[in-house]
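Student: I have a structure open and I want to learn how to read its charged residues. Can you take me through them?

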Amino acid sequence: ENNADIEFNLQKSLKETKDLQEDMKAIKEKMMQEKKVEWQDKKELEKLIERHNSLQSEIKEALEKYKENIQNQEEHSKPSDELKEKQEKVQKLFDQLQSEEMKDLMKKMEELMKNMEKESALEMMEKTEMSDQQLEKELDRMLELFKQLEVEAAIEKEIQKLEELAKKQDDLSKETEENQKPNEELGEKQDTLNKKFDEIQKEMEDLKKKNEELEHPKSLEDSKEQMEKIDQDMKNSKEQIDQKQNKSASKSQKNASQRMKDMAFQMSAQMKSGEMAQMEEDMAMLRQLLENLVTLSFDQEQLMTDFGYTEVSAPKYVSLVQDQYKIKDDFKVVEDTLHALSKRVTQIESFVQEKVTDIKVNLKKGIAQLEERNKPLAGEHQQRTMTYLNDLALMLSEVMNQMQQQMSSMMPGAQMCNKPGGKGSGKSGRIPMDKITQGQGGISGDMQKMAEKMKKGEGGKMSKEFAQMAARQAALRKALNDLSQDKKEQGKGMPELDGIGDEMNKVEIDLVNKRLNNETLKRQQDITTRLLEAEKSDRQRDQDQKRQAETAREQKRSMPPALEQYIRQREAEIEQYKSVSPDLRPYYKFLVEEYYQSLKNSK
């Protein structure tokens, strides 16, 4: 109920923010056409201020319910650490929606209402309009992030319910097989479990609908067929208990239990691998965004220089103003991309949106001053625009570092490498060869430990370990394919890597199906050995003398014989002049010495 209220409040607040912008724009246009502020304008502004205050109250109410939900979930469920971390970040973003800047603007607007100076009121309304635009984007982002968290929490909840129900069904199977209790009591227990599974089926349908409402739905396989088989096994077991066929009933119960475990495992593995794939896609988008921002910063710097050398009356001035408009249009694309990305990446803080607003304000004011031919004031806004673009690029660079660290923690033994020119360098963020080998070796070792546990009969408690292992293997396979593609693009193809990805995929399939036999372990060892050989070949290729760079050596430059003879003759003639000591006055003597000196220098 709280989730529904929070979603309703966010949607209502988002709509109200859009309406406020439209109404504010209409009042502002009306006031600009009037000579002075009318009494009716004052009343309309008072209503807008009241609506802004009401909007802040609605946002505060949604925040309180969100905090209440987080406290309650600790009592009723056990969310994963990753989900908890996301929920805490969303709560922080909720807190930041309580804009102190908006409250200050409303107070200043109320003060201006007493004097009602037209110019001051228009300026304050423009600031409020920009603040509302920023709030609209933040609310839109919060609504999407909240929906995503709701889906993720629901998936985890269903996984937990399936695992718990599978355990109860397994326990009941043992009781049924050993005839520990009367059939009537066993039938009642089975009936209770059947009803619980019906509830899970309904919740899964609701989960599917909520997932489809997301802008970027999560990849959830259709489990309808699997649930129908579980449902049929459970119904069969109830009928068999009623007919006192306890052995058959026990077998049906075991089948239902195993199917539930498999379904929970597949949902968990799919969720982790989907999250890894989404993060890689987001990082690629963020990387492109950073490149675009840096390009815009350089373009703005060059434009400032060009304006400095151009007179306002020159024809080129108009062309440069058009270039400034182009930078503004290009930044709109960056803004839209960043907003779309922020709906999926919780690491992007709200102050990033504030920096975007600063850039938009200065671009707008800079263009207005350029059209007024006021170069000094326009130059100030252009300088601020360039500075804010650089600040925004630094902020997003920090976001990328955080995402890389998160991916590293999700994939032990395969850290990110950003060292330019080092091994594995290519596209930024690619995992180098040695780290992939280390990661695969780590998986191989962990699989050996899991195989030992399975021999001891602990295989039924390892669904989570299998899911994590499958996600790690999928990530390493993706990293190896990317690295191989990079090498081919650079003309340094590695034939040693051919076929390894397919073998990794087979291991991944075995892990998803919880198969860990001698064949799987042998395949894993072969993959690790082939990766080590490929790494060694790559290292030797880098050290090949044919490709080794050499420092340029200083070559002794020899003079042509004819030129050498001419220089000797000339030096002899100069010496002859020196041997004759003419009787000259000091002034001419100085000129002769200077002439001799110039001859020497000309050599």
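**Reading charged side chains**

Tutor: Start with K65, which counts as buried because its relative accessibility is 18%. The cut-off for buried is under 20%. Bear in mind that this is a predicted model.

Student: Which residue does K65 meet in a salt bridge?

Tutor: First the general idea. A salt bridge needs a side-chain nitrogen of Lys or Arg within 4 Å of a carboxyl oxygen of Asp or Glu. Here, the side chains of K65 and D5 meet, at 3.0 Å from N to O. D5 sits in helix α1 (residues 2–33) and K65 in helix α2 (residues 39–76), so this pair ties together parts 60 residues apart in sequence. D5 is partly exposed, with a relative accessible area of 30%.

Student: How many salt bridges are there in the whole structure?

Tutor: A search finds 33.

Student: What does K343 pair with?

Tutor: K343 forms a salt bridge with E215. Their closest N and O atoms are 2.7 Å apart. Now find both on the chain. K343 is in the loop between α9 (315–342) and α10 (350–371), and E215 is in the loop between α6 (183–213) and α7 (224–242), so the pair links parts 128 residues apart in sequence.

Student: Is K343 buried or exposed?

Tutor: K343 counts as buried, at 7% relative accessibility. Its partner E215 counts as partly exposed, at 44%.

Student: Where do E503 and K506 lie?

Tutor: Both are in helix α14 (residues 500–512). They are 3 residues apart, so about one helical turn separates them. Their side chains meet in a salt bridge, 3.5 Å from N to O. E503 is partly exposed at 23% relative accessibility. K506 is partly exposed too, with a relative accessible area of 39%.

Student: Which residues join E503 and K506 in one network?

Tutor: D510, E519 and R523. Salt bridges that share partners connect these residues with E503 and K506.

Student: Which residues gather in a patch of positive charge?

Tutor: The general idea is this: a patch takes residues with over 30% relative accessible area and no salt bridge, and like charges are joined within 9 Å. In this structure, K108, K127, K365 and R384 gather in such a patch on the surface.

Student: Where is K108, for example?

Tutor: Look in helix α4 (residues 100–115). K108 is partly exposed, with a relative accessible area of 45%. That value passes the patch cut-off of over 30%.

How values were computed: Residues numbered from 1 in each chain as written. Predicted model: local features only at pLDDT ≥ 70, side-chain atom pairs only at ≥ 80, totals over all residues. Heavy atoms only, no water. Patch = residues over 30% accessible without salt bridge, like charges linked within 9 Å, V, L, I, M, F, W, Y side chains within 5 Å. Areas by Shrake-Rupley, 256 points an atom, 1.4 Å probe, with all protein chains shown as cover. Lys, Arg positive; Asp, Glu negative; His and termini not counted. Charge placed at Lys NZ, Arg CZ, Asp CG, Glu CD. Helix = DSSP H or I, 4+ residues; strand = E, 2+ residues; numbered from the N terminus. Buried < 20%, exposed > 50% of the residue type's maximum accessible area, 1.4 Å probe, protein only.
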